[in-house]
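User: I am new to this structure and would like to go through it by question and answer. Please show it before we begin.

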Amino acid sequence: MASNLDTLVTVFGGSGFVGRNVVRALAKRDYRIRVAVRRPELAGHLQPLGKVGQIHAVQANLRYPASVEAAMRDSHVAINLVGILAEGGAQRFDAVQGAGAGAVAKAAAAVGAGMVHVSAIGADENSPAHYARSKAAGEKAVLAAVPTATILRPSVIFGPEDQFTNRFAALARMSPVLPLIGGGLTKMQPVYVGDVATAVAEAVDGKTRKGATYEFGGPEVLTMREIIEIILAVTERKRMLVSLPFGLANLQAMFLQFAPGPLKLTPDQVALLRSDNVVSHTAKADGLTLEGLGIVPDSLEAIAPQYLWRFRKAGQFAHKGG
């Protein structure tokens, strides 16, 4: 039986929030890992996640297919994690999440490699949000090139260094008032990054169905209001929650799309909040979920205290818990 050491997995976008967790999960299973990123000199933090020589970073940019082809050379499996939450400079949704995903799939097909593509719940070519439309285009391009590829669609992902719970915790530290876009009624199913990484590793192991689309969510469906209330409870802060109608939120986003850090809000992000972001009944019925892979998902309330404690007020760190 072949060892995982004989299998080279190339992870596109492996230095980011989800990427480092995926690299860690693969390293534990003894795969050889090539991390393809735009700035390999900034990926040194991944080395301690594996054994000496197990993890190697190379340069690749999804907007340049030749660099993607070079990164895929001699690989057995491609994992595409590259995505952006907002457009900026040359980083455009269609180029990165649409054509970029297709470039990885074509490079994988050229060397006969398998592929795992991480997309997002809500990927829909008819969505009012450009983000979701480009995600759908990426899925279509991947399956066109590699029909046996596994598509993984997580709901919003949380964990240390995420751009979701940390963003609201930072906002709560800065402002006495937190807006609830659309009244905070949008439903989400926050999923822990460690569970998503385990699922990706399971897919590389061959435990997922070829050509299937999985949907990943945590154990609870929560409204945005409930999620923010959990974050406030964990960080021990009391803040006024004010409902912000979609129309007014969209108007504010016209200006806040240029704001720095946690204040940034784009019209596209407002459009995304018009739809719930939860695992579909179809995925559940077909067993195309974390539970279907035998993974028991962790809850936001169980994990968040382990990393959001740093947003508590000074003097409260003595009982940080995790």
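**Sheet, pocket and cavity**

Analyst: In this predicted model, strand 5 gives the largest share of the lining of the second largest pocket, namely 3 residues.

User: Which elements each supply at least two residues of the lining of the second largest pocket?

Analyst: The lining includes Gly114, Met115 and Val116, along with Ala203 and Val204. Strand 5 covers residues 114–118, and helix 6 covers 193–204. The elements that each supply at least two lining residues are therefore strand 5 and helix 6.

User: How do the residues of that lining divide into nonpolar, polar and charged?

Analyst: Val77, Met115, Val116, Ala203 and Val204 are in the lining, and Ala, Val and Met count as nonpolar. Gly114, Thr148, Thr150, Gly206 and Thr208 also line the pocket, with Gly counted as polar. Lys210 belongs to the lining too, and Lys counts as charged. The division is 5 nonpolar, 5 polar and 1 charged.

User: How much space lies in the second largest pocket?

Analyst: Rolling a probe the size of a water molecule over the atoms shows where empty space is left. For the second largest pocket, the space comes to about 210 Å³.

User: Which strands stand at the edges of the sheet, and why is one side of each left without a neighbour?

Analyst: The open sheet has 7 strands in the order 3-2-1-4-5-6-11, with parallel pairing. Each edge strand has a single partner strand, so one side of it has no neighbour in the sheet. From one strand to the next, the twist averages 20°. The edge strands are strand 3 (55–59) and strand 11 (213–216).

User: Which residue in strand 5 is the bridge partner of Asn80?

Analyst: Strand 4 (residues 77–80) and strand 5 run parallel and are joined by 4 bridges. Within strand 5, the bridge partner of Asn80 is His117.

User: What angle does the direction of helix 3 make with that of strand 5?

Analyst: Helix 3 (residues 93–110) packs on the sheet and touches strand 1, strand 4 and strand 5. Its direction makes an angle with that of strand 5 of about 165°.

User: Across which strands does helix 1 lie?

Analyst: Helix 1 comprises residues 17–28 and runs at about 165° to strand 2. The strands it lies across are strand 1 (8–12), strand 2 (32–37), strand 3 and strand 4.

User: What is the volume of the largest cavity?

Analyst: The count is 1 cavity of 30 Å³ or more. Pro190, Gly218, Pro219, Glu220, Leu222, Ser299 and Leu300 line the largest cavity, dividing into 4 nonpolar, 2 polar and 1 charged. Its volume is about 30 Å³.

Technical notes:
Residues are numbered from 1 along each chain as its sequence is written. This is a predicted model: local features need pLDDT of at least 70, side-chain atom pairs count only at pLDDT 80 or more; totals for chains, interfaces and linings use all residues. Side-chain values use heavy atoms; hydrogens and water are left out. Two strands pair if DSSP finds at least two bridges between them. Axes are lines fitted to C-alpha atoms, for helices over the stretch in contact, and angles run from 0 to 180 degrees between N-to-C directions. Contact means heavy atoms within 4.5 Å. On a 1 Å grid over the protein atoms alone, a cavity is a set of points where a 1.4 Å probe fits but cannot get out, and a pocket is an open set with protein on both sides within 12 Å along at least five of seven lines; lining residues have an atom within 4 Å of a point. Grid points are joined across faces, edges and corners, and a volume is the space filled by probe spheres set on the points.
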